[in-house]
Amino acid sequence: MFKFSNLFKVFGTNGFARFNSTSATVFGAKVDRRPPRAVWLENMDSLEPHHTGIMELDSSIFGAAPRIDIVHQNIEWQRKYRFVSFAHTKTRNEVRGGGRKPWPQKGLGRARHGSIRSPLWRGGGIAHGPRSPTTHFYMLPFFNRVLGLVSTMSIKLAQDDLHVVKDLNIPTEDPQYMKDLIAARLWGPSVLFVDTSDILPKNISISTDGLAHVNLMPTYGLNVYSMLKHNTVVLTESAVRDIENKLLEHLNRNDARALMTKFRHDK
């Protein structure tokens, strides 16, 4: 009787399986064979770091090859889709004056003109000038947004700028404690704390309220621009699992063609 386990012993001879150093292709489907990434699970209840355990991270999310071009596309998209230009110029119909013909059409030997507010005149209207409000909104393709998050997560972890903590509970609501904690952990001047819910513990909410360089964010609002804007990204254990589940679902979904259709405002 042929066992399915024997299939993995075949090395490219019958076309069922082909292996390389990082992945395997079985029946045309690519299977990731890279080992998971491992990070320390840190604490926040004291200034001294205590490693409470080791947490494994999915390599397809936190160990992917960074696509700098897709990261740049996400940054440009986030900067432009909410930008509205209010630059405005007046046309010849909107400029005050110029109601009468400056001189007769014929007889004076001068060039014919119908109004002193023509774009040819100094002080006249502007032809083809900017008109406000002008929106720069556009929608980046769905999977470009997903791969942007994956690439940014992998970059932050590779640069040791991504840390995982048990939770965001701190013993006091004093802002000085948060400053000392960031300085002791060498997390840099700007830190982004991410949790699964937008209702965060009271102490960390009050202590970071007056710190302009420290921000709190739920997982549903996580984006490329915010992660790159901050020096360090601190995720809770539950936030890591939530991010992995959502991104893995999007990377392996079977309705990709429907998601790549042109964006419509009435969706």
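Which residues does Trp 40 touch, not counting residues up to four places away in sequence? In this predicted model, the contacts of Trp 40 beyond that range are with His 51, Gly 53, Ile 54 and Val 164. Trp 40 lies in strand β4, which spans residues 37-42. Its relative accessible area is 45%, so Trp 40 is classed as partly exposed, given that the class lies between the limits of 20% and 50%. The C-alpha atoms of Trp 40 and His 50 are 9.2 Å apart, with a separation of 10 residues in sequence.

The protein chain as a whole contains 8 helices and 11 strands. Of its 267 residues, 35% are buried. The accessible surface of the protein chain amounts to about 16900 Å², and carbon and sulfur atoms account for 54% of that area. When contacts between residues at least 6 apart in sequence are considered, 68% of them connect residues at least 24 apart.

Strand β4 belongs to an open sheet of 6 strands with the order β5-β4-β8-β11-β9-β10 and mixed pairing. The edges of the sheet are formed by β5 (53-57) and β10, each of which pairs on one side only. On average, and with direction ignored, neighbouring strands of the sheet are turned by 35° against each other. Helix α3, comprising residues 142-158, packs on this sheet and touches β4, β5, β8 (162-165) and β11 (232-236). The direction of α3 makes about 90° with that of β8.

Within the sheet, β4 and β8 run parallel and are joined by 2 bridges. In this pair, Leu 41 is placed opposite Val 164 of β8. Val 164 is also among the residues that Trp 40 touches. On its other pairing, β8 runs parallel to β11, with 4 bridges between the two strands. His 163 has Val 234 of β11 as its bridge partner. The side chains of β8 alternate: Leu 162 and Val 164 point one way, whereas His 163 and Val 165 point the other way. All four of these β8 residues are buried.

Strands β9 (residues 191-195) and β10 (residues 214-218) are likewise parallel, and 5 bridges join them. Leu 192 stands opposite Asn 215 of β10, and Asp 195 is opposite Pro 218 of β10. Together with helix α5, which covers residues 202-207, β9 and β10 form a right-handed β-α-β unit.

In soluble globular proteins, nonpolar side chains tend to be buried together. The largest nonpolar core of the model has 30 residues, and the members that touch the most other members are Phe 62, Leu 222 and Leu 235. Helix α3 supplies the largest share of this core, with 8 residues. Separate from this core is another of 16 residues, including Leu 168, Ile 182, Trp 187 and Val 234. Val 234 of this second core is the residue bridged to His 163. In the largest core, Leu 222 makes contact with Leu 149, Met 153, Leu 192, Val 194, Met 217, Met 227 and Ile 243, when neighbours within four places in sequence are left aside.

Two polar residues outside the sheet were also examined. Asn 74 is part of helix α2, which runs over residues 68-80. With a relative accessible area of 2%, Asn 74 is buried, because the limit for that class is under 20%. Not counting residues up to four places away in sequence, Asn 74 touches Leu 140, Asn 144, Arg 145, Gly 148 and Val 224. Ser 46 is located in the loop between β4 and β5. Ser 46 has a relative accessibility of 18% and therefore counts as buried. Its contacts, apart from neighbours within four places in sequence, are Tyr 177, Leu 181 and Arg 185.

Note on methods:
Residues are numbered from 1 along each chain as its sequence is written. This is a predicted model: local features need pLDDT of at least 70, side-chain atom pairs count only at pLDDT 80 or more; totals for chains, interfaces and linings use all residues. Side-chain values use heavy atoms; hydrogens and water are left out. Buried means under 20% relative accessible area, exposed over 50%, partly exposed in between (1.4 Å probe, protein chains only). Contact means heavy atoms within 4.5 Å. Two strands pair if DSSP finds at least two bridges between them. A crossover is right-handed if, with the strands pointing away from the viewer, the path from the first strand over the helix to the second runs clockwise. Accessible areas come from the Shrake-Rupley method with a 1.4 Å probe; for residues, only the protein chains shown count as cover. Axes are lines fitted to C-alpha atoms, for helices over the stretch in contact, and angles run from 0 to 180 degrees between N-to-C directions. A nonpolar core is a set of buried Ala, Val, Leu, Ile, Met, Phe, Trp, Tyr and Cys residues joined through side-chain atoms within 4.5 Å.
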